[in-house]
Amino acid sequence: MRRFLSGALPFYALAGLAMCMYLVLYRTSLFDLNAIVQGATGSPWFPVFMFVCVLLESVFPYFGYFPGTALILMSVALNPKAADVSVFIMAWLAIIVGAVLSYGQARFFRPLLQRVASKAALSRCESLLDTYGPYARIALFVHPNACAMYFTALGLLGGNLTRELAHLCLGAAASVGILFVIVTRLVSSVGPTDDGQLQVLLAAALVAIGTLVGLYAAWRPQRAA
């Protein structure tokens, strides 16, 4: 059970955050997110707008769950013509830059961590990263927040960034590409406006992926034993 939770809980937490943002964005009257995105998609600065939004989502932990991915989904749902190659490239670059920034700020705070945490605790964390690090790379294909968390942990534990850059580039491309493909397939059923179904689907997908990762993490050690 412990192994299952170690693999599944990060994805469950992201799903919970996604649902919280769903409640804030779509079930309150704080602001009209549809109007904001509709205005942005009609602007020549839309790729820059998308880059900033996804970048904020991709830096951990300062911005928590910023709805950058939700904005990608909404931009495609509200205006499929706006989701061109430039937006794809901007979102891809934003995930990479955000992950590198997450790693950099974690390395900056690493000396502080070494002062407040015991060597035994750090050793256990490094052992977990060595053991489950390959599984954690699955997060790079799923969501910018999960990607940022992975690179934050990598930086805090002194991992090698260069060795992970290939996985980062591939994972970011897959993450954005999957979002675009899924949304363009769903846009006809969702309609010209978005009232949160896509955000709920994203949360459900994170729960499903977390369950699969947790089951794999629990099953693999038992098989090795």
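User: How much of the chain counts as buried?
Analyst: This is a predicted model. Of its 225 residues, 43% count as buried.

User: And what about the area the chain exposes?
Analyst: That comes to about 11,500 Å². Carbon and sulfur atoms supply 70% of it.

User: How many helices and strands are there?
Analyst: Nine helices and zero strands.

User: Which residues have the most contacts inside the largest nonpolar core?
Analyst: Val54, Ile95, Cys147, Tyr150, Phe151, Leu154 and Leu168. The core has 24 residues.

User: Which helices supply at least two residues of this core each?
Analyst: Helix 3 (46–58), helix 5 (85–116), helix 7 (144–156) and helix 8 (161–190). Helix 5 gives the most, with seven residues.

User: Anything apart from that core?
Analyst: Another core lies apart from it, with ten residues. Among them are Phe11, Leu14, Val142 and Val213.

User: Back to Ile95. What is isoleucine 95 in contact with, leaving aside neighbours within four places in sequence?
Analyst: Val54, Ser58, Pro144, Cys147, Leu168, Ala172, Ser175 and Val176.

User: New topic. How many disulfides does the count come to?
Analyst: Zero. Take cysteine 147: the nearest cysteine sulfur, that of cysteine 169, is 10.0 Å away. A disulfide needs the two sulfur atoms within 2.5 Å, so cysteine 147 is in none.

User: Is cysteine 147 buried or exposed?
Analyst: Buried, because its relative accessibility is 2% and the cut-off for buried is under 20%.

User: Why does cysteine 20 count as partly exposed?
Analyst: Because its relative accessibility is 44%. Partly exposed covers the range between under 20% and over 50%.

User: Last one. What share of contacts with a separation of 6 or more comes from residues 24 or more positions apart?
Analyst: 81% in this chain.

Conventions: Residues are numbered from 1 along each chain as its sequence is written. This is a predicted model: local features need pLDDT of at least 70, side-chain atom pairs count only at pLDDT 80 or more; totals for chains, interfaces and linings use all residues. Side-chain values use heavy atoms; hydrogens and water are left out. Buried means under 20% relative accessible area, exposed over 50%, partly exposed in between (1.4 Å probe, protein chains only). A nonpolar core is a set of buried Ala, Val, Leu, Ile, Met, Phe, Trp, Tyr and Cys residues joined through side-chain atoms within 4.5 Å. Helices (H or I, at least four residues) and strands (E, at least two) are DSSP runs, numbered from the N terminus. Contact means heavy atoms within 4.5 Å. Accessible areas come from the Shrake-Rupley method with a 1.4 Å probe; for residues, only the protein chains shown count as cover.
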